[in-house]
Amino acid sequence: MARIEFIDEGKTIEIAAGQSILEAAMDNGVDLDHACGGVCACSTCHVKIRQGAAHFSESTEEEEDQLDDARDIELCSRLGCQTRLQAETEEIIRVQIPFWNVNLVQEGPDAARAKD
Ligand code: FES
């Protein structure tokens, strides 16, 4: 096991080795959008790993292509559904859900489109 702190949500959850950030979030009541169901066909599960990124699987070319379409990407950006914990760690992993994605979950896709 390891622990992920979702910074803006003020919530810390557990994640098992081999589990994705999206799976851990869904199992623990953290709202992380996942429009394609976690098959790397959208970018709505975009997260920023602020601490502990080295504990996760490396991104694939397919993930990088999807991230190119995400808003507000940074070097620490990943797709939550594609980012799997490699092994247990004592380090607290700190993750941020981009503000735009939080709005999408809370207000729905129509509200997000209206802001474009
Ligand atoms: S849920 Fe669609 S890419 Fe992660």
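These are my notebook entries on the sheet and on two backbone torsions in a predicted model.

**Entry 1. Sheet**

I looked up the strand order and read S2-S1-S5-S3-S4 for an open sheet of five strands. The pairing in this sheet is mixed. I then noted the edges, which are strand S2 at residues 11–15 and strand S4 at residues 77–79. Each of these two strands pairs on one side only. For the twist, I recorded that neighbouring strands of the sheet are turned by 40° against each other on average, with direction ignored.

**Entry 2. Pairing of S3 and S4**

I next examined how strand S3, residues 46–51, meets S4: the two pair in the antiparallel sense over three bridges. For Val47, I found the bridge partner in S4 to be Arg78.

**Entry 3. Positive phi**

I searched for unusual backbone torsions, given that most residues other than glycine have a negative phi.

Cys40 is not a glycine, yet I read a positive phi of about 60° for it. I located Cys40 in the loop between helix H1 (21–27) and S3. Is Cys40 buried, exposed or partly exposed? I entered Cys40 as partly exposed because it has 16 C-beta neighbours inside 10 Å, and the partly exposed class lies between 12 or fewer for exposed and 20 or more for buried.

Asp72, also a residue other than glycine, has a positive phi near 60°. I placed Asp72 in the loop between helix H2 (61–67) and S4. I entered Asp72 as exposed because it has 11 C-beta neighbours inside 10 Å.

How values were computed:
Residues numbered from 1 in each chain as written. Predicted model: local features only at pLDDT ≥ 70, side-chain atom pairs only at ≥ 80, totals over all residues. Pairing = 2+ DSSP bridges. Helix = DSSP H or I, 4+ residues; strand = E, 2+ residues; numbered from the N terminus. Axes fitted to C-alpha atoms, helices over the stretch in contact; angles between N-to-C directions.
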